[in-house]
Amino acid sequence: MSKFWSKVVHELTPYVPGEQPKLANLVKLNTNENPYGPSPKVFAALEAEVGDSLRLYPDPTSERLVQAVAQFYDVPATHVFVGNGSDEVLAHTFQALLKHDAPILFPDITYSFYPVYCGLYGIDYQTVALGEDFEINIADYQRPNGGIIFPNPNAPTGRGLPLAEIERLLNANTESVVVIDEAYVDFGAESAVGLVAQYPNLLVTHTLSKARSLAGLRVGYAIGQPHLIEALIRVKDSFNSYPLDRFAISGAVAAIEDKAYFEETCRKVMATREALIADLQDLDFVVLPSAANFIFARHGTRSGAELAASLRERSIIVRHFSKPARISDFLRITIGTDMQSQALVNALKEILTP
Ligand SMILES: *Cc1c(COP(=O)(O)O)cnc(C)c1O
């Protein structure tokens, strides 16, 4: 009965999220969730919200959370926008700041939600090919554009871009907004938040889904100068006045305030990542340098599709992208616990032993 659909729905190509299998005992390394739970302080904050106040709407401005984010980064509260997951923050960003006459630019291999937002909002885009080693080359972005967006570190490659390169891009591109999606930055890349005060064209987005282990709570934020934040607020208040519920606001505040826990879990993930890279290299994998909580690796002789299928038979789920051809032999493997890493390495040894 698609005759009832609007024209825009007919033309959409929705994003396909990584699988969330219902099976128990899986080693789930496919959607870059954190293997460690959120800060215990988050649970206490959530429990405190259970009560009569659920009758009432939450604070439409999520003021407590805005303040917590501002304090964490030592920026003014007027530089902070919060939303229902960074996917929502990104959606508002595309509509509010990236829809202009000129096409926006993003890498040919990157977060696959970006072209989906372009389809939803009717935004023209051009992709810019990554370099030979899957790196972002700033020089390739020096052409007229309606905006530029990429993750740092990039996904699904995991490669980080030095801050000096981002600064070069900002200086060469003063007439449109540059969005740096820092979903994975806390696992070893350099954040651009410190550049916000200096660059009126910079917006940095973050999520609590990865480094703060709260993918289930749906909280993200953006940091930029007040004129950019105001554009996001205008879109938000034309769409949903209460994107963050009472649990999300309180849980997120507790997570952001528990800096010690956050730093400790990030350190553990990074240590496991380095050990896993060494193990995979011993098994004849080529692994791209990673500043994220995942790695992007291909085997010297076996195809990516075959390896992903063989791992699945052993209850280990990793992400495999069949397109584009250039990455079809790669596996994107989320960093789990040391035990999960060991299970992965053992399974690969079994698969690779003739
Ligand atoms: C995970 C991810 C997001 C989305 O995060 P949510 O806050 O869970 O919506 C955004 N950008 C990139 C590059 C991601 O990998």
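How many cavities of 30 Å³ or more does the structure hold? The structure, a predicted model, holds one.

**The cavity**

The volume of the largest cavity is about 40 Å³. Its lining is made up of Pro38, Ser39, Ala211, Arg212, Ser213, Ala255, Tyr261, Phe262 and Thr265. Helix α9, which spans residues 259-282, gives three residues, the largest share of this lining. Sorted by class, the lining of the largest cavity has five nonpolar residues, three polar residues and one charged residue. Where does the largest cavity lie with respect to domain 1 and domain 2? Both domain 1 (2-37 + 260-352) and domain 2 (40-258) give residues to the lining, so the largest cavity lies between them.

**The annotated span**

An unreviewed UniProt entry carries the annotation "domain: Aminotransferase class I/classII large", which covers residues 25-348. In the model, residues 25-348 are 37% helix and 16% strand. The C-alpha atoms at the two ends of residues 25-348 are 18 Å apart.

**Around the ligand**

Which residues are around the ligand? They are Gly85, Ser86, Asp87, Leu90, Tyr111, Asp181, Ala183, Tyr184, Thr207, Ser209, Lys210 and Arg218. Polar contacts of the ligand with serine 86, aspartate 181 and tyrosine 184 are set out below.

| Residue | Atom of the residue | Atom of the ligand | Distance |
|---|---|---|---|
| Serine 86 | polar backbone atom | oxygen | 2.6 Å |
| Aspartate 181 | polar side-chain atom | nitrogen | 2.7 Å |
| Tyrosine 184 | N or O atom in the side chain | oxygen | 2.5 Å |

For serine 86 the contact with the ligand is made through the backbone. For aspartate 181 a side-chain atom is involved, and the ligand atom is a nitrogen. Tyrosine 184 also takes part through its side chain, with an oxygen atom of the ligand at 2.5 Å.

**The second largest pocket**

The second largest pocket has a volume of about 250 Å³. It is lined by 17 residues, of which Thr61, Val66, Val80, Ile229 and Ile233 are the closest to its centre. Which elements each supply at least two residues of this lining? They are α3 (63-73), β2 (80-83) and α7 (226-236). The largest share comes from α7, with five residues. By class, the lining of the second largest pocket divides into 10 nonpolar, three polar and four charged residues.

**Backbone features**

Two cis peptide bonds can be described together with the loop that holds their prolines. One joins asparagine 152 and proline 153, with omega about -5°. Proline 153 is in the loop that runs between β5 (148-151) and α6 (163-172). Another cis peptide bond joins alanine 155 and proline 156, and its omega is about 5°. Proline 156 likewise has its place in the loop between β5 and α6.

Which sign does phi of asparagine 32 have, positive or negative? Phi of asparagine 32 is near 60°, a positive value in a residue other than glycine. Asparagine 32 is placed in the loop between β1 (27-29) and α2 (40-49).

Technical notes. Residues are numbered from 1 along each chain as its sequence is written. This is a predicted model: local features need pLDDT of at least 70, side-chain atom pairs count only at pLDDT 80 or more; totals for chains, interfaces and linings use all residues. Side-chain values use heavy atoms; hydrogens and water are left out. On a 1 Å grid over the protein atoms alone, a cavity is a set of points where a 1.4 Å probe fits but cannot get out, and a pocket is an open set with protein on both sides within 12 Å along at least five of seven lines; lining residues have an atom within 4 Å of a point. Grid points are joined across faces, edges and corners, and a volume is the space filled by probe spheres set on the points. Helices (H or I, at least four residues) and strands (E, at least two) are DSSP runs, numbered from the N terminus. Ala, Val, Leu, Ile, Met, Phe, Trp, Tyr, Cys and Pro count as nonpolar, Asp, Glu, Lys and Arg as charged, and the others, Gly among them, as polar. Domain bounds come from an automatic or database domain assignment. UniProt positions are given in the numbering used here, feature names are shortened, and annotations may be inferred rather than shown by experiment. A residue is near a molecule or strand if one of its heavy atoms lies within 4 Å of it. A polar contact is a pair of N or O atoms within 3.5 Å; within protein, one must be able to donate a hydrogen and the other to accept it, and residues adjacent in sequence count only if both atoms are side-chain atoms.
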